[in-house]
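Visitor: Please take one sheet of this model and go through it strand by strand. Then say briefly what lies elsewhere in the chain.

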Amino acid sequence: MGKKVKKEVEPPPKDVFDPLSIESKKAATVVLMLNSPEEEVLAKACDAIYKFASKEQYFHSRRSSWEQPASIIATCLGIKQVSSDENKVTLLSLGAVEPLFKLVSHEDPLVRRNAIMVFGIMASNNDVRKLLRELDVTNSVIARLAPEEDIVVHEFASLCLAHMAVEYTSKVQIFEQGGLEPLIRLLSSPDPDVKKNSVECIYHLVQDFQSRAAVRELNAIPALLELLKSEYPVVQLLALKTFGVISNDRETRIILRENQGLDQLFKILETKEFNDLHVEALAVVANCLEDVDTMQLIQQTGGLKKLLSFAEMSTIPDIQKNAAKAITKTAYDPENRKILHEEEIEKCLITLLGTDNDGAKAAASQAISAMCENLASKDAFGIQGIPQLIQLLSSENEEVKEAAAIALANLTTGSPSNASAVAEAEGIEPLINILSAKRDGTVANAAAVLTNMAMQEPLRLSIHGVMNAIVEPLQSTNSLVQSKAALTVAALGCDADARTELRNASGLEPLVKLLHSKNDEVRRNACWAVMVCASDELTAVQLCRLGALDILEEINLSTGRKNNFSEGALDKLLDNNLSQKYSQMGYLSSSNIITDGFYDYGQVKPGVKLLSLEELSIQELNDHRAIILVNAKLPEVSLSAEDKSQDPYYGRTTSSSSIRKSSKERARFVADKMGGPIERDKLHEFSWELHISEIEFELKCNVVPIGKIKKGTFYHRALLFKVIADRIGIGCSLVRGEYGRAWNEVKLVDDSPQGITGLLLPPQVYIVDLMYQPGCLMKQGSAEADHYQRI
């Protein structure tokens, strides 16, 4: 801007001190003169203080040959120093602010003008602003914006407000005291300095939503649009920055569109001379593109294609970055995503992935993430975008790595072809490597990609080493990372090798700890992972030792904490740790196949951990109930084709007569091995306890192999029958009762009534007698069965 010639009411008389020659040592004297009753002395004192406190600074047009763009940008950001802070501090310490405040409202125009000039430049100092707030000067300064005031007064009053509006408290004061309306009026001032100061103050004010709404109501948008035509870059830039804030509101965007604001923005973007404004102009356009109507309008006029070409061809990193950010904001709307896909946005974003600027790469990755909601775009990115994104996973820039991981997570979600493309582009190793990245978002999304890949068995089998790397994320304090890590374990844990890897990496302990999480999704995914990992006995036993069983029981008792997987996890855990299940629940179903290593400890109370067989074996002899161990490998018994066709274990209809025929001998075998049939009234004479004690004493151990027992009661015989039935394929359950009772249940289908063929009757539950009449089947609920179970 051209140098302003200040308007003097009259030239200073020669016998008055010359304010231009003032030095800091004379400043105290001049400050004292601010209390003079003479208007002429006051005016000269203010003028002297102004020159002492300031260093002249002028703004120049773009056409000026000696313009310095860097300083202009700094001014827009509110950081340019236009005067000596040292002198301002001196004046502050001398007490100049209070008398100057009184003079701002002086009746003499020259005194008033010179005083506000001092205020305008001194307000750039933090300490001065603090005192101005305490004195509550905003109302007096706003009054100087009145139309009847001198244009110089307008300039420095608006400058003072622009400095003060940096702080929130002053923003509120300026707004509440009606400062916005006169500032908007001054946007049309003939003086460029007034325009600059006014728009800068408005820019600070509209950071608050109330001021943004007021700007619309006061019809400021047309005046702001006029500033875009200014020959001064600083004015244009501040206007654009203001639009960048207020265009976040949909109502403002509508007004901007109705006033042909988009045309002006595109003219700026198309003018190479205005390249210092392109970044801010692009930010405003980005906000406008959030509206579908605006997007359609720009597409119809060819502006969208120009915009994408502009972004793709630009060599300015900030423009590339802001263009990608604009696409991201726009792509949140499904209709906008459709339009962007029609304009082949994918090519533009893939090009931006290959730039040299990290900010542009990250922004492009984020835009790809947003566009993934469009299935056609998701497929389009998979061909060329995935290999580039995988390369970005190895970037030294953490933001780039995180953005690339998020993009890959979105690209592979629900897309088997993209998940395969990640594997084809050798993305598994980089993904595993960034599971130890610094940013939680990077880790969480890398885990998500691996989970998406694991949904396909061929890909899952090609993923190695994840379980070692996932242990650290499982121990994260971030709930999103915990959730995604647990989900990865659930996806990969269905393979035995992966479960072994997780066990060996000590990953089960942090997984079990996640069951305690107060976060519903973390707890749910942890339950899912436990359910999957409990698929083998070794892992299930280890999970129980770590307390998973107790935690799951507690979760399932709570209606607020249990979930779709907590009950399944508990069942799976027990189904693969049958010793624990039988001790705790007193029941084994026909699908619970007893194998070597199973031991019956007896009933345990809830919350009591079952010791391992190794721990029980080294205990000293005690008078507690003996632990019965299944350790004999029985010969496999092959069923004939006829037996298989009739056996319930093979899913075929079985009658009472056929089961008696095939199993009565086996039931008698069990009884014979355990002391033979016992008469009901002589049961108390059957001294099985002494026999068991003798075996314990012989072995010097509380653990007794079932094969050594020659005299066994209900629970010994029922256990042996279950073991044999499991080995030969007869469906049989084992149930523990009270007072040492236990029995076996089988489900049988009775023969059809005579004369009726093809009638399928519902199966009935029968109790197998192993004590009194070995081989006899008693229908559940009958008096005979009740006597066997309870008496």
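**Strand S5 and its sheet**

Guide: In strand S5, valine 735 is the bridge partner of tyrosine 587. The model is predicted, so local features are given only at pLDDT of at least 70 and side-chain atom pairs only at 80 or more, while totals for chains, interfaces and linings use all residues. Residues are numbered from 1 along each chain as its sequence is written, and side-chain values use heavy atoms, with hydrogens and water left out.

A second bridge partner in S5 is leucine 734, which is matched with leucine 588. S1 and S5 (residues 733-736) pair in the antiparallel sense over two bridges; two strands pair if DSSP finds at least two bridges between them. Strands here are DSSP runs (E, at least two residues) and helices are runs of H or I (at least four), both numbered from the N terminus.

The sheet that holds S5 is open, has five strands in the order S1-S5-S6-S7-S8, and pairs antiparallel. Its edge strands are S1 (587-588) and S8 (777-779), each of which pairs on one side only. Helix H44 (residues 714-728) packs on this sheet and touches S1, S5, strand S6 (742-748) and strand S7 (764-768); touching is contact, meaning heavy atoms within 4.5 Å. The direction of H44 makes about 40 degrees with that of S6, where axes are lines fitted to C-alpha atoms, for helices over the stretch in contact, and angles run from 0 to 180 degrees between N-to-C directions.

S5 is covered on both faces. Ser733 and Val735 lie on one side, Leu734 and Arg736 on the other, and all of them are buried. Buried means under 20% relative accessible area, exposed over 50%, and partly exposed in between (1.4 Å probe, protein chains only).

On the S6 side, S5 and S6 run antiparallel and are joined by four bridges. Valine 735 stands opposite tryptophan 743 in S6, and in S5 the same valine 735 is also the bridge partner of tyrosine 587. S5 and S6 form a hairpin, with five residues between the two strands. Tyrosine 739, in the turn, has a positive phi of about 55 degrees.

Now to the rest of the chain. An open sheet of three strands has the order S2-S3-S4, and its pairing is mixed. Strands S2 (599-600) and S4 (703-705) stand at the edges with a single partner strand each, so one side of each has no neighbour in the sheet. S3 (residues 627-629) pairs with S4 in the parallel sense over three bridges. Isoleucine 627 has valine 703 in S4 as its bridge partner.

After S2 comes a loop that leads to helix H40 (613-617), and valine 608 is found in that loop. The relative accessible area of valine 608 is 41%, which makes valine 608 partly exposed. Its C-alpha atom is 10.0 Å from that of glycine 547, which is 61 residues away along the chain.

As for the chain as a whole, there are 45 helices and eight strands. Of its 791 residues, 54% count as buried. Among contacts in the chain with a separation of 6 or more, 68% come from residues 24 or more positions apart.
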